[in-house]
Amino acid sequence: SLSVAAAIHPHSAINRPMPTGRGEPVGQKRHTNIAVVRMKKAGFRFEVACYKNTVMAYRSGAETDVDEVLQSKYVYTNISKGIFAPLDDIKAAFGTDDQEAVCLMILKSGEYQVSDKERASKQTSLFRDICTVLCSKTVNPDTNRPYPFAVVEQSLRDAHFNVDVTKAAKLQALQVALPLLQNKGVRIERAKMRVKIKGSTKSSERSQSAELVASLSALTLGDNASDGASAKPASTATSPVPAAGGAVIWEIDPSEFRRIDATCRENGWTIEVLELSVHEQGDEIGGGGPPPAQRSGLARMMERAHLPVPPPPSTVAALDAPVQIVSAPAPPPSVAAPPKPAGGGGGGLTSATAPGVTFQSRDELKAHLKSDWHRVNLKRKSAGLPLLSKEEAEGEALLEEMEREKGLSEFM
C-alpha cells in the first residue's frame, strides 16, 4: 500500500514535500510575466524566476528587498516547463542545497536578458544624462555661453547619436558626442577650467606672481611634447593673470589639468580649482561663425533655437532718469439697463430654438420649452441643420407622429 511504501522509503518522492507554485502542472506554460536569470555551472543548467524590470535595479543597489525581485525561491532546470533542479545537482554545483542562497548567487552573477522596456528606459535616461553633461561642460566659443538643453538634445538626435549603455555618460558626452557635433559644423567646444596656483618661494608677492606667470607661460604640454615638434602652450585661450597673495589665476583646458597638477607638485606649488566650467551667465543667445548660408543643417537649427537677444544698453532707461506716469484713459460711462417691468418675470426673453421671437414672460418661455417647436429645432440644431418656424416645426412633428403610428401598426 501507499503507507507501507512511504515507511520503507522515507526519502522517496512520496514523502518529499513538493514546492508550491511553478512546478504544477508541467504541461502548461504559465510563466509569461517572468524575467529568467540563467547560469551554467559544473555542467548543469540552473534558472531562477524574477519579476520583470527588477533584476537590474537589484544589481545596481536600487532594490534591496529580495522578495520584490524573486518570484519563487526555488531553482529550476527549465522554468518554461516548470521543471525543478535536482537537489543533488544543486549541491554538486554550488556546494550547498540551500535553494534561497543559490537563488541569490544566480541572481547576482547569472545571465540576464534585458527586456525591451527596461533597455529603452535605460537608454533614454543615459541619453538625457549625456545632454546634461554637454550643457554644463561645453560653450559656444564665439559667445562663451552654454547651449540650452533642448538644443543639445535635438542636435544629437539629428546627428543620429547612438547611446552605449555600457559606458558612462560623461565619457560618451566628451569623447563621442562632442566630436560628433563638431564634425557636423556646430560651434561648440569644451568649457575652460579656472584654477589658482600659488608658489612656495619666500619672495615678495609681486615677484612671486611674476615668476609663476613666466614659468607657466613657458610650460608646454601635449602628447608628444618631449620631441619639441608638436609641443603647444598649456592654455591657448588665456594667459596666467597675477592675483593677490603672490598667486596667479589661470583658465585652462580641463584635459590639461592632470599634467599641470603634476608640474605644480614637482615644483612645490599649490593648485586650487576655482571653477570647473567657465562661461557667461545665461544660455547661448549669440551667433558667430560662418554666415547662415554656409552653415550646416545642425548649425542653422541651433541658430534658430537661440533665445531672443535683449535690447542694447543704449535703449535701456537709466536708473536715475525721471519716470513719466501715464494715466490710463477713463472707461466710458456705463449705460444703465432698462428697468424691468413690474409684476411677473422680466421682459425681452428669447430662446435659441425660437429665432426672431421675444417672449414677454417666463411662463411663455416655459411653454415654448415644452412645445414641439422647441423639440424639433433643438434636434436640428444639434445636427447642424437650419431652424424651422413654428408652423414648419409643428408640421415636422405631425409627420413624425404619423410615421411612428404607422410603424406601430405594422409591428402589431
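Is C131 buried or exposed, and at what relative accessibility? At 0% relative accessibility, C131 counts as buried, a term for residues under 20% relative accessible area (1.4 Å probe, protein chains only). The model examined here is predicted, with local features needing pLDDT of at least 70 and side-chain atom pairs pLDDT 80 or more, while totals for chains, interfaces and linings use all residues. Residues are numbered from 1 along each chain as its sequence is written, and side-chain values rest on heavy atoms, without hydrogens or water.

A search of the whole structure returns 0 disulfides, a disulfide being a pair of cysteine sulfur atoms within 2.5 Å. For C131, the nearest cysteine sulfur belongs to C135 and is 6.7 Å away. C135 also counts as buried, at 16% relative accessibility.

Turning to the interior, the largest nonpolar core holds 21 residues; such a core is a set of buried Ala, Val, Leu, Ile, Met, Phe, Trp, Tyr and Cys residues joined through side-chain atoms within 4.5 Å. V37, F46, C50, V75, F94, I106 and L107 touch the most other members. Helix α4 (99-109) is one of the elements giving two or more residues to this core, and its 4 residues are the largest share. Helices here are DSSP runs (H or I, at least four residues), numbered from the N terminus. Beyond its neighbours within four places in sequence, V37 is in contact with residues including F46, C50, I106 and L107, contact meaning heavy atoms within 4.5 Å. A separate core of 19 residues includes F127, V133, Y147 and V186.

Technical notes: Buried means under 20% relative accessible area, exposed over 50%, partly exposed in between (1.4 Å probe, protein chains only).
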